[in-house]
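Take a moment to turn the structure around on your screen before reading on. We will then walk through it together, one piece at a time.

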Amino acid sequence: MESMFESIGLSTQLVIGVLVAGAVFVTFLTIAMPLLAGNELKSRMKAVALERDQVRARERARLAIEKERGRGAGLRQQETRGIANLVVDRLNLRKALVDDKTVATLRGAGYRGQRPLTLFLFARVLAPIVLVTFTVIYVFGLGILHSQPGIVKLLVVLGAVLLGFYVPVIFVRNKAAKRRLSITRAWPDALDLMLICVESGSSIEAAFRRVAEEIGIQSIALAEELILVCAELSYLPDRKVAYDNLAARTGLEGVKAVCTALVQAERYGTPLGNALRVMAQENRDMRMTLAEKKAAALPPKLTVPMIVFFLPVLFVVIIGPAMIRVLGYH
C-alpha cells in the first residue's frame, strides 16, 4: 500500500530516518540534562529568595491598599505576556481547567505562582497536538496499522489525544509524589535539628533558617519549604497562616501534626522542646514503618521475576549435564 509520504514525493525511509534521529536526540538530551543542570540547591534557594521578596512586596502592598481603600482590597500581580499566556487567556483555560485541587497539586510539586500554572495549562493544550501529530505520521503516513480497519486507527488517534491531555497531569503528580517522599525521609532529621536549635535558645524563625541550611544536602524540597515558612512567619500578620500553608503545601500528616503543635505552643505557651521531641520520634517510627512495609512487599514482587528468569537457568544448570550424558550414551 502506497503511503501518504510517497504520494507527495517523500521517501518512507527518509521519514523513518528523521524520526529515529529525533528520538536519538531526545534520548541524548534526556541523559545529558542532569549532568548539565549544575548545583540544584543553589538555584532552588535563589528561587526561594525571589519568592520571599515577592511575599514581602505583596504584604506591603496589601497593607498599603487596606489603609487607603479599606479591608478586602487586593493586589493583582502583572504577568509577563507570552505565547503561553496568550493561548491560556484566549481559550479561557483558567476557568475551565483550574480548581483548588490543581493549584494544590502544583504547589505540592514545587511549582508556585501564576507562571507555572500558565505553563501547565499551555502544556495541556500543546501535548495533545504534538502527540497526535506523531500518531498521524506513524499510523497514516508510514502505514504501521495498514492491516487494521479505519475505526481502529481513529481510536488510536483519539487515545493519543486523551493521553496527551493527561501527560502534564501525570508528570506533576509524579513530581509531587517524589517531593513528598523526599520530605518524608528528611523530616525526622529536620525535627531533631530543630529541637537542638530550640533547646539552645534560638527562636523558631532562626531554627527554621538554620535547619533549612543544614537539611538542604539531604532534601532540597524540605529546605525550600522551611525557607518559605520562615519568610511567611516574618511577613504574615498571623503566624498560624504560615504553619497552615506549610501543612497544605506538603500534604503530609507528620508535618500537619508538627504545625498543630507549633500553633498550640505559641497560643498556650506550652514547652516547644517536648512537643518537638515527641513528634520527631513519631515521624521516625512512621519512616521505619514505611521502610518495613516496602520490605514486606518485596517477596511477592520478586516471585514473577524469579520464575521467569532464575528458575529456567537453574534447571539448565542442574539438568543440563545429565541430559548431555544421556544424549552422549545414545
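**A walk among the helices**

Leaving aside neighbours within four places in sequence, Lys 153 is in contact with Val 139, Phe 140, Leu 145, His 146 and Gln 148. You can find Lys 153 in helix α8. Is this lysine buried or exposed? Its relative accessibility is 13%, and the cut-off for buried is under 20%, so Lys 153 counts as buried. One of its contacts, Val 139, lies 14 residues away along the chain, and the C-alpha atoms of Lys 153 and Val 139 are separated by 6.9 Å.

Now let us step back and look at the whole chain. Keep in mind that this is a predicted model. The protein chain has 14 helices and zero strands, so following it from the N terminus takes you through one α element after another. Of its 330 residues, 30% count as buried. The chain exposes about 21,500 Å², and carbon and sulfur atoms supply 65% of that area. What share of the contacts between residues at least 6 apart in sequence join residues at least 24 apart? In this chain, the share is 67%.

How confident is the predictor? The chain averages a pLDDT of 78, and 79% of the residues score at least 70. Confidence is highest in α8, at 88, and lowest in helix α1 (residues 4–7), at a mean of 55. Over residues 70–80, pLDDT stays under 50; for this stretch the model has 14 contacts beyond four places in sequence.

Next, find helix α10, which covers residues 220–235. With 16 residues at 1.5 Å a residue, α10 should span 22 Å, and its end C-alpha atoms are 23 Å apart, which agrees. Because 13 of its 16 residues are buried, α10 is largely enclosed by the rest of the structure. Glu 225 has its place in this helix, and with a relative accessible area of 1%, Glu 225 is buried. Which residues does Glu 225 touch, not counting those up to four places away in sequence? They are Arg 112, Arg 179, Ile 183, Leu 246, Arg 249 and Thr 250.

Further along the chain comes helix α12, made of residues 253–268. Its 16 residues reach 22 Å from the first C-alpha to the last, close to the 22 Å expected. The buried residues of α12 include Gly 254, Val 255, Cys 259 and Leu 262. Where do the buried residues of α12 pack? They pack against α8 (150–199), α9 (204–215), α11 (239–250) and α13 (272–296). Just after α12 you will meet Gly 269, which takes a positive phi of about 75 degrees.

Our last stop is a pair of rings. The structure holds one aromatic pair. The rings of Phe 165 and Tyr 166 have their centres 5.4 Å apart and their planes at 90 degrees, so the pair is edge-to-face. Phe 165 is partly exposed, with a relative accessible area of 27%, and Tyr 166 is also partly exposed, at 40%. Which residue has its charged end over the ring of Phe 165? Arg 124 does, sitting 4.0 Å from the centre of that ring. The charged end of Arg 124 sits over the ring of Tyr 166 as well, 5.6 Å from its centre.

Definitions and conventions: Residues are numbered from 1 along each chain as its sequence is written. This is a predicted model: local features need pLDDT of at least 70, side-chain atom pairs count only at pLDDT 80 or more; totals for chains, interfaces and linings use all residues. Side-chain values use heavy atoms; hydrogens and water are left out. Rings of Phe, Tyr and Trp (its six-membered ring) pair if their centres lie within 6.5 Å; planes under 30 degrees apart count as stacked, over 60 as edge-to-face and the rest as tilted. Buried means under 20% relative accessible area, exposed over 50%, partly exposed in between (1.4 Å probe, protein chains only). A charge sits over a ring if NZ of Lys or CZ of Arg is within 6 Å of the ring centre and within 35 degrees of the ring normal. Helices (H or I, at least four residues) and strands (E, at least two) are DSSP runs, numbered from the N terminus. The expected span of a helix is 1.5 Å times one less than its number of residues. Contact means heavy atoms within 4.5 Å. Accessible areas come from the Shrake-Rupley method with a 1.4 Å probe; for residues, only the protein chains shown count as cover. pLDDT is the predictor's confidence in each residue, from 0 to 100.
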